[in-house]
Amino acid sequence: MSTTGPMRSMARARREPIWLAVLLGVHVILGILWGAAIPIFEAHDEVGHYYHVRYIARNWSLVPPGDTIVDMWDESRQPPLYYVLAAVPVSLLNTDDGPGFAPNPYAGWDLALGGFNAVMHDPADEAFPWRGGVLAVHVARGVSTVLGVLTIWATFAAARRLAPTRPTVRWGAALSLALWPQFRFTTSVINNDNLVTLGGALMALVLVGLLTADMTRRWRWIVAIGGCGALAALAKNNGLQLTVAGGVVALAALVWRAPRHPWRTAAVIVGIAGLAFSLIGWWYARNLDGGKGPFALPFMNVWLYQLGRLFRPEGPGAGRLLDRLLVTGRFAWRSLWAAFGWGNIGYSDACYWLAGGWCLVGVGGLVVGRPAEPRARGAIWALVLIVAAMLVPTWVIYVATGIPYLQGRYLLPALPAFAILLSLGWNHLLPQPVKVWFWGLFAGTMLVAAAWTPWALIAPAYAVPDPMSDGELRQHTPTLARFGDVVELVGYRLHDPRPDQGGMLDVHLALRVVAQSEAPLTLAVKAFDAGGRLVGAVHRYPGHGALDTTAWDTSFLFEEHVTLPLTLAASEGAGRLEVSFYHAESPHSPLVVRDGEGNRLGRSLALLKAFRVSGESKMALEDAIAYRFGDRLAASQPDVTLACDHGHPTITVRWAWRVERDPEADYRLSVQLRTSDGAIVAQRDGPLAGGSIPTRLWDVGETVPDKVELPVLTRATTLPLGLYLIVYEPTTEERLPLADADGRATGEDELFLRKLLQDDLAICQDNEQE
């Protein structure tokens, strides 16, 4: 009989604690790196969470019921256990400097048009080595990372107890949890979600233990259920949902497998339940003194009212409920998988689709792979109950209230159980030789993503813009406008100056700092359509919200990238942009704008015909193409007529342009009447099509009619005269080469239109004689 198999299994079992320690060490390293990359207070309500920790660390007492610590994002109403734990190491530090924080009033969740940062930052104060309050923030974040270590361990232990003979189940569960992006972010910031998620992992462990243990040892697990329930409920309000799930499973286990001594077991359960509810009830009873109910939620009555409306005739119909389910579900999934910062930083849509597919396949494998062991089936149902207990009530509340932003972090306590279920499903689907390679590939891919994300995705979102180079500046349309004595606009460009109705307009402004302001200045960029209506606007601090104009470096030249969403009501045609700077306390009195010579331009700089809202209709070129100017513009055969206008001969030229490729500049034309020796008798220069729409805003395939009238006011001494059409680039005055209809170069850079003789110019004399 061969002993190779058992010996190999024993060797793997001896190495398993070492590999688990490695995984936990990687988690700690990643937690430190993520915490260092994320600016302080750039996580959901981290300001309130930190100041709750700081209050306990400085006073060694809980916040009195009903009191608040900070004016914004206050979290003093939260259950205290997480904050007490974090306060222990923070109490050893000097936190006299706070640190203070200045909110960014323009920050937003969705598109972050006002900046990703919820607060303003001073890179010098927050730089490593950390000191004072900044150090205290990072130490408190370290407590979250340590709680993450315990959460991964508990998940690993629960999966091992559920499937002791299948190592890939426990490793798949631990890797899925440890490398889940939102878990990585949450365990790197100050948030009581970390402790309640640990409560979810411990609850999964004790429920699996209860349902797989021998009859004689179940009372130990029942005691543990009470402890886990108390821990979760004193960590966060949604921990009560875990407590209820644990109680339901404990009662079901007693019914399913009757104990030998039912009265003794019942006494143990009653005792443990009484102790747990005493601990939990103490906190929620204490909140009653604050006058905001047991949960200290001022909007609790609104929630209850909205929940009641679901079951009334005047409540939302089935269609609206379905729409709310889809909207809240989509946001919940995205923010559960990866929503960094204040939920406004994430991956590309493809990443969420891939992750969703991975989860769906794992759930499918779980459905088709029922374990034969009844105890294992019961444990799996207990894990499903944990997931349902966290998901269903929370989802129902958000659907009832119509709030679309169901934050996935509220579901994190179910993540350990969900990770175990996913691992079970995948391990059922995969062939035995492939399982180790699959989870190895998964771990490698997710580890690379975890190392890349904080430095390539999160940190750049809060970074101050880099200085512009001369080459970058040359890509902008030159302009010069000074706003007060603080900042100059020296150029601008639009990434796509032809947005659709309801589309996005990308504006790039080249700004040069002249001086620091006395108070923070707000940059306003507004878009007006062809009818003069406001169709898009962004207000924010410069530097995508990251620059404080009271402290920015003078002579700093940088590019401000502004994205304006345009309304669907924007009318077609050329629109204008307006740029201004103002103090927050006087938004209707922006800084005075002056040009390079000091002339006053007003209180905003208008960039006329800077963009064009595209429509669907395009004119057809009725006449055939006769000529081409460069490789971007084609023209029909010009029609030249002469008439007498106010006693002077006037030449009228009519033709049409067709756009072959996107024009690179706002081209100009020159119609010249010259003598045979090149002397100009009459000339008319200007933008194509009269400048109604600049050529850089023309659409490919579009036909634009054009007309030029050229009065002849002087008498030519040398005849005949030649009439020419020239197209040129205004900045360099370089002419576009002329080609025929088939694109063959003519070797010329001007189009000869016709010859004019004495009789042609005598048209006014003929009219007088008549």
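# Close-up views

**View 1. Strands 15 and 16 pair up.** Strand 15 (residues 668–675) and strand 16 run antiparallel and are joined by 7 bridges. Strands here are DSSP runs of E with at least two residues, numbered from the N terminus, and two of them pair if DSSP finds at least two bridges between them. Here's one bridge to look for: arginine 674 is partnered with isoleucine 680, which sits in strand 16. The model is predicted, with local features needing pLDDT of at least 70 and side-chain atom pairs pLDDT 80 or more, while totals for chains, interfaces and linings use all residues. Residues are numbered from 1 along each chain as its sequence is written, and side-chain values use heavy atoms, with hydrogens and water left out.

**View 2. Four strands make an open sheet.** Step back from that pair and you'll find 4 strands in the order 16-15-18-20, with antiparallel pairing. Strand 16 (680–687) sits at one edge and strand 20 (751–756) at the other edge, and each of these edge strands pairs on one side only.

**View 3. Strand 14 has several partners.** Strand 14 covers residues 648–659. Take strand 12 (residues 633–636) as a starting point: this strand pairs with strand 14 in the antiparallel sense over 3 bridges. In that area, leucine 633 has valine 659 of strand 14 as its bridge partner. Strand 13 (residues 639–645) is also antiparallel to strand 14, joined by 7 bridges, and aspartate 639 is partnered with arginine 654 in strand 14. Then there's strand 17 (residues 703–711), which is joined to strand 14 by 9 bridges and again runs antiparallel. Look there for tryptophan 655, whose bridge partner in strand 17 is aspartate 706.

**View 4. A hairpin turns at histidine 646.** Strand 13 and strand 14 form a hairpin with 2 residues between the strands. In this hairpin, histidine 646 takes a positive phi near 55°.

**View 5. Proline 649 is tucked away in strand 14.** Proline 649 is found in strand 14 and is buried, with a relative accessible area of 10%. (Buried means under 20% relative accessible area with a 1.4 Å probe, protein chains only.) The strand around proline 649 fits that picture: 9 of the 12 residues of strand 14 are buried, so the strand is largely enclosed by the rest of the structure. Leucine 710 is 61 residues away from proline 649 along the chain, yet their C-alpha atoms are separated by just 8.5 Å.

**View 6. Helix 16 is mostly covered.** This helix (a DSSP run of H or I, at least four residues) takes in residues 415–429. Of its 15 residues, 13 are buried.

**View 7. The largest cavity has His44 among its lining residues.** The whole structure holds 3 cavities of 30 Å³ or more; a cavity is a set of points on a 1 Å grid where a 1.4 Å probe fits but cannot get out, and lining residues have an atom within 4 Å of a point. The largest cavity has a volume of about 70 Å³, meaning the space filled by probe spheres set on the points. There are 11 residues in its lining, and His44, Ser335, Ala339, Gly343 and Gln407 lie nearest its centre.

**View 8. The second largest cavity has its own lining.** About 50 Å³ of space lies here. The residues lining the second largest cavity include Ala43, His44, Gln182, Phe185, Ala339 and Arg409.

Methods. Expected span 1.5 Å × (residues − 1). Buried < 20%, exposed > 50% of the residue type's maximum accessible area, 1.4 Å probe, protein only. 1 Å grid on protein atoms, 1.4 Å probe; cavity = no way out; pocket = protein on both sides within 12 Å on 5 of 7 lines; lining within 4 Å.
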